[in-house]
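Please open the structure in a viewer and keep the sequence at hand. The tour below proceeds by selections, each followed by a description of what is found there.

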Amino acid sequence: MAIKHIHGTVSGSGEIISGKGFRVEKFQQGFYAVVFDQPFSGEPTPVCTIFGPPWKTFNLSIAIVEILPDNFICVTSSQDRPIDTGFSFIVVHEEG
């Protein structure tokens, strides 16, 4: 069995800063769909973290709210509402 992974860094506006094999669809404030060019064979495991300077991100969080073989949706937020901010991620799945 082979391990397949995709990783990247995304800006608060939804632009790809680094990585390949995916695109980002930002559909409302703080909501991002990371869509894989090649779907995984099953639901992968995404791990995300906030990206940005500490004075802008120390009180922000990210939650993964949906995982499918071809995408995952995450939400970046402050303590009381969704907010746009950068994030990085890695998605892993055992294929085969």
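How many of the residues of E7 are buried? The tour will return to this question after a view of the whole chain, which is a predicted model.

**The whole chain**

Begin with the entire chain in a cartoon display. The chain contains 1 helix and 8 strands, and the order of elements from the N terminus is β-β-β-β-β-α-β-β-β. The radius of gyration is 13 Å, close to the 12 Å given by the globule rule for 96 residues, so the chain is as compact as a globular protein of that length. Along the principal axes, the C-alpha atoms occupy a box of roughly 45 × 20 × 20 Å.

Switch next to a surface display. The accessible surface of the chain is about 5500 Å², and 54% of this area belongs to carbon and sulfur atoms. Of the 96 residues in the chain, 41% are buried. If contacts between residues at least 6 apart in sequence are considered, 57% of them join residues at least 24 apart.

**The four-stranded sheet**

Select E3, E4, E7 and E6. These 4 strands form an open sheet in the order E3-E4-E7-E6, with antiparallel pairing. At its edges are strand E3 (22-28) and strand E6 (61-68), each of which pairs on one side only. On average, neighbouring strands of this sheet are turned by 25° against each other, direction ignored.

Now reduce the selection to strand E7, residues 71-77. The opening question can be answered here: 7 of the 7 residues of E7 are buried, and the strand is mostly covered. In a regular strand, the side chains alternate between the two faces of the sheet. Colour the two sides of E7 separately: Asn71, Ile73, Val75 and Ser77 lie on one side, Phe72, Cys74 and Thr76 lie on the other, and all of these residues are buried.

Add the partners of E7 on either side. Strand E4 (residues 31-36) pairs with E7 in the antiparallel sense over 5 bridges, and within this pairing Val34 stands opposite Phe72. E6 is joined to E7 by 7 bridges, and these two strands also run antiparallel. Here Ile62 stands opposite Thr76. E6 and E7 form a hairpin, with 2 residues between the strands.

**Two cysteines**

Select Cys74 in E7 together with Cys48, and show their side chains. Which residue holds the cysteine sulfur closest to that of Cys74? It is Cys48, at 4.8 Å, which is too far for a bond. The count of disulfides comes to 0. Cys48 is in no disulfide, and the nearest cysteine sulfur to its own is that of Cys74. Both side chains belong to buried residues: Cys48 has a relative accessible area of 17%, and Cys74 has a relative accessibility of 0%.

**Strand E1 and its partners**

Move to strand E1, residues 2-10. E1 pairs with strand E2 (residues 16-19) in the antiparallel sense over 3 bridges. Between these two strands, 5 residues complete the hairpin, and among them Gly14 takes a positive phi near 95°. E1 is also joined to strand E8 (residues 86-95) by 9 bridges, again antiparallel. In that pairing, Val10 has Phe87 of E8 as its bridge partner.

Select Thr9, which lies in E1. Is Thr9 buried or exposed? With a relative accessible area of 14%, Thr9 is buried. Opposite Thr9 in E2 stands Ser18. Beyond residues up to four places away in sequence, Thr9 touches Glu15, Ile16, Ile17, Ser18, Phe51, Phe87 and Ser88.

**Ser88, on the other strand**

Finish with Ser88, in strand E8. At 21% relative accessibility, Ser88 counts as partly exposed, because the buried class requires a value under 20%. Leaving aside neighbours within four places in sequence, Ser88 is in contact with Gly8, Thr9, Val47, Cys48, Thr49 and Phe51. This list includes Cys48 and Thr9, which were selected at earlier stops. As a last step, draw a distance between the C-alpha atoms of Ser88 and Ser18: these residues are 70 apart along the chain, and the atoms are separated by 8.9 Å.

Definitions and conventions:
Residues numbered from 1 in each chain as written. Predicted model: local features only at pLDDT ≥ 70, side-chain atom pairs only at ≥ 80, totals over all residues. Heavy atoms only, no water. Pairing = 2+ DSSP bridges. Axes fitted to C-alpha atoms, helices over the stretch in contact; angles between N-to-C directions. Buried < 20%, exposed > 50% of the residue type's maximum accessible area, 1.4 Å probe, protein only. Contact = heavy atoms within 4.5 Å. Disulfide = S-S within 2.5 Å. Rg over C-alpha atoms; globule rule 2.2 N^0.38 Å. Areas by Shrake-Rupley, 256 points an atom, 1.4 Å probe, with all protein chains shown as cover.
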